[in-house]
Each structure stands twice: as structure tokens, then as C-alpha cells.
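Okay, thanks for coming, everyone. Let me put the structure up, and then we'll walk through it piece by piece.

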Amino acid sequence: MSLEGGAVDQIKKLAQEAQTVQQIQIDGETYTDKMLHRVREKDDEPAAISIGTLQGVIDYVNESEDLKDEGQLYVIIENPTSIKIRSALFGKQQQRKCFAECKARGTSQENHVINEFMPVEQAIIMLKTYFVPNDDCVNIVNLISTISSDSSVEQSDDGMAQRVVVEEGLGRKGEAELPEVITLSPYRTFAEVEQPSSPYCVRAKKGRGVEVAFFASNSTQWMVEATQNVAKYLKENIKREDTIIIS
């Protein structure tokens with residue numbers, strides 16, 4: 001279906017009017033018929049460099065010529081694995097330069113498997129790879145290492161304590177009680193600081209073989225502790241004056 005010339009002109013006129021911002025006076029106040037957004041022009045900013053360790057942050061802040069004439073600096077710990085180095089406010093738009101970004105390397109926050117059952121062998125590998133070998137970690141690895149593929153899992157009357165059949169050597173078998181809760185320290189923040197601990201509930205079930213799981217609490221206290229550890233480490237080692245560390 002084709003449109004006549006007059007109809008086309010009318011459509012063009014309506015389209016132009018729709019693009020035009022009209023001002024309306026109501027009770028002495030000026031209003032517009034469209035939402036307006038201010039166009040903010042940013043001053044030039046340097047490209048942020050990437051750093052992977054706390055020592056790299058310390059060296060950059062203490063020694064870099066980039067920051068020699070910058071005045072006040074802000075080292076902002078955004079979370080347990082991320083830090084940014086920013087300037088004071090500058091320019092008409094009150095911006096902050098971002099000189100560097102630091103991301104922790106080798107953390108297991110997204111790699112270690114929690115809250116789901118897994119074969120014993122997988123659990124042993126996970127515990128030895130993604131967790132600090134504290135006493136609880138070593139003890140639970142030693143315990144589940146003795147669980148055989150044909151072991152059974154028994155539930156106690158209270159519904160929590162569990163016993164599993166384990167190999168005791170020379171073909172002998174015995175029973176061992178799984179601890180209900182253990183304290184583990186996954187690698188979740190920068191390697192230079194102490195890794196915060198969290199409680200994990202240990203459970204086992206019988207599937208094709210015995211499977212185990214480690215259920216973490218929903219507490220975010222470890223994040224607070226990790227951030228505090230990072231802030232303390234930086235405050236002890238950053239010597240540049242006029243540097244503020246924010247956690």
C-alpha cells in the first residue's frame with residue numbers, strides 16, 4: 001500500500017515535532033515535554049595498568065614516577081580480590097583518575113566445589129588444591145582417604161552425626177565418625193595475607209560409592225576479615241605520604 005505525498009509530509013512533520021523539545025510554563029515554572037540528559041565531557045585520563053599482587057601495589061605506590069606529582073592518592077580495596085589506585089578529584093566534572101587495578105591471582109573462590117556431593121577422590125583433590133592445609137583440612141583428608149568404594153554410611157538418631165566404614169589396613173575394616181563441622185580456609189584473597197577461615201558442615205551419602213560434601217555457611221564475615229587483612233598489610237608497607245587506604 002502506497003501513501004500519498006500529503007500523508008508522507010504529515011508523517012515527516014510529526015516526526016520532526018517529536019524530536020523537538022518544547023518548553024511549557026506552568027505557575028511560573030519551566031517544564032519540558034521530554035526527559036533531558038546533560039552531556040558530560042570527560043577530561044583525558046590515563047589507561048590503568050594491571051597488577052596481580054599486593055607487592056606490586058606497594059612497589060607502584062612507593063616508587064612509580066607516574067604518581068610523583070599527583071598529590072593525594074586513594075588505594076581502594078573494593079573486595080578481597082580487587083584493589084584500585086585512584087587520584088583525588090580533578091577537572092570540571094570532578095573525576096578521579098584510575099592509575100592501576102589489582103586482581104588477586106590464583107584464588108579459589110569460584111573453583112572450589114561446595115554445597116554439592118562429589119566422589120571421595122574429587123573431594124581429596126579439591127581439599128589439597130584449593131584450601132590451606134590447616135589441622136581440620138589435613139584430618140578430614142586423612143579420614144575420607146580411608147573410605148572404600150563399598151563403604152556404607154550410617155545416620156545417628158539425632159540426624160546429624162554420621163559414621164562411615166573405613167579401611168584399617170590388612171583387609172580389616174572399622175567405623176569412623178565424620179565431624180559435623182570443620183574449619184577450612186580456602187584461598188580467597190591475596191596470597192601475601194592470611195586466608196580467612198569459615199565453618200563447613202561435612203556430610204556423606206551412599207550413591208555409586210560414598211560421596212561427600214562440604215556445606216558452607218552464608219556468612220560474609222570472611223570477606224570483612226580478608227579486606228581488613230589486606231588493608232593492614234598495605235598500611236604497614238606503603239610509605240608514600242598523602243596516601244589514603246580505604247577498605
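Before anything else, one term: when I say buried, I mean under 20% relative accessible area, exposed is over 50%, and partly exposed is in between, with a 1.4 Å probe and protein chains only. Also, helices (H or I, at least four residues) and strands (E, at least two) are DSSP runs, numbered from the N terminus.

And the small print. This is a predicted model, where local features need pLDDT of at least 70 and side-chain atom pairs count only at pLDDT 80 or more, while totals for chains, interfaces and linings use all residues. Residues are numbered from 1 along each chain as its sequence is written, and side-chain values use heavy atoms, with hydrogens and water left out.

Let's start with strand β5, residues 82-87. That strand is mostly covered, with 5 of its 6 residues buried. What does β5 pair with? On one hand there's β4, residues 73-79, which runs antiparallel to β5 and is joined to it by 6 bridges. Two strands count as paired if DSSP finds at least two bridges between them. Just 2 residues sit between β4 and β5, and they form a hairpin. Then there's β6, residues 98-103, which pairs with β5 over 5 bridges, also in the antiparallel sense. As general background, strands of a sheet pair through backbone hydrogen bonds, either parallel or antiparallel.

If you want a residue to click on, try isoleucine 85 in β5: valine 75 stands opposite it, and in β6 its bridge partner is alanine 100.

Now stay in β5 and look at lysine 84. Is lysine 84 buried or exposed? Lysine 84 is buried, at a relative accessible area of 17%. And it has salt-bridge partners, where a salt bridge is a side-chain nitrogen of Lys or Arg within 4 Å of a carboxyl oxygen of Asp or Glu. One partner is glutamate 78, with the closest N and O atoms 3.8 Å apart. Glutamate 78 is partly exposed, at 43% relative accessibility. Another is glutamate 101, where the closest N and O are 4.0 Å apart. Lysine 84 lies in β5 and glutamate 101 in β6, so this pair ties together parts that are 17 residues apart in sequence. Glutamate 101 is partly exposed too, at 31%.

The structure holds 5 salt bridges in total. One of them sits in helix α5, residues 221-237: glutamate 236 and lysine 232 meet at 2.7 Å, N to O. Those two are 4 residues apart in the helix, so about one helical turn separates them. Lysine 232 is exposed at 52%. Coming back to the earlier trio, shared partners join Glu78, Lys84 and Glu101 into one network.

Next, the other sheet I wanted to show. Here 4 strands form an open antiparallel sheet, in the order β7-β13-β12-β11. The edges are β7 (118-119) and β11 (181-184), each pairing on one side only. β7 pairs with β13, residues 210-216, over 2 antiparallel bridges, and proline 119 has glutamate 211 as its bridge partner in β13.

On to helix α3. Its buried residues are Val120, Ala123, Ile124, Met126 and Leu127. Why are they on the same side of α3? Because they cover an arc of only 165° around the axis, the arc being that of the directions from the helix axis to the C-beta atoms. Turned away from that side, you find the exposed residues Glu121 and Lys128. And what do the buried ones pack against? That would be β7, α4, β11 and β13, with contact meaning heavy atoms within 4.5 Å.

Helix α4 has its own buried set: Cys137, Ile140, Val141, Leu143 and Ile144. They likewise cover an arc of only 165°, which puts them on the same side of α4.

Last stop is the loop between α3 (120-130) and α4 (135-144), where you'll find proline 133. Proline 133 is exposed, at 58%. Leaving aside neighbours within four places in sequence, proline 133 is in contact with Val138 and Tyr187. Proline 133 is also 8.1 Å from serine 185, C-alpha to C-alpha, though the two are 52 residues apart in sequence.

That's my tour, so over to you.
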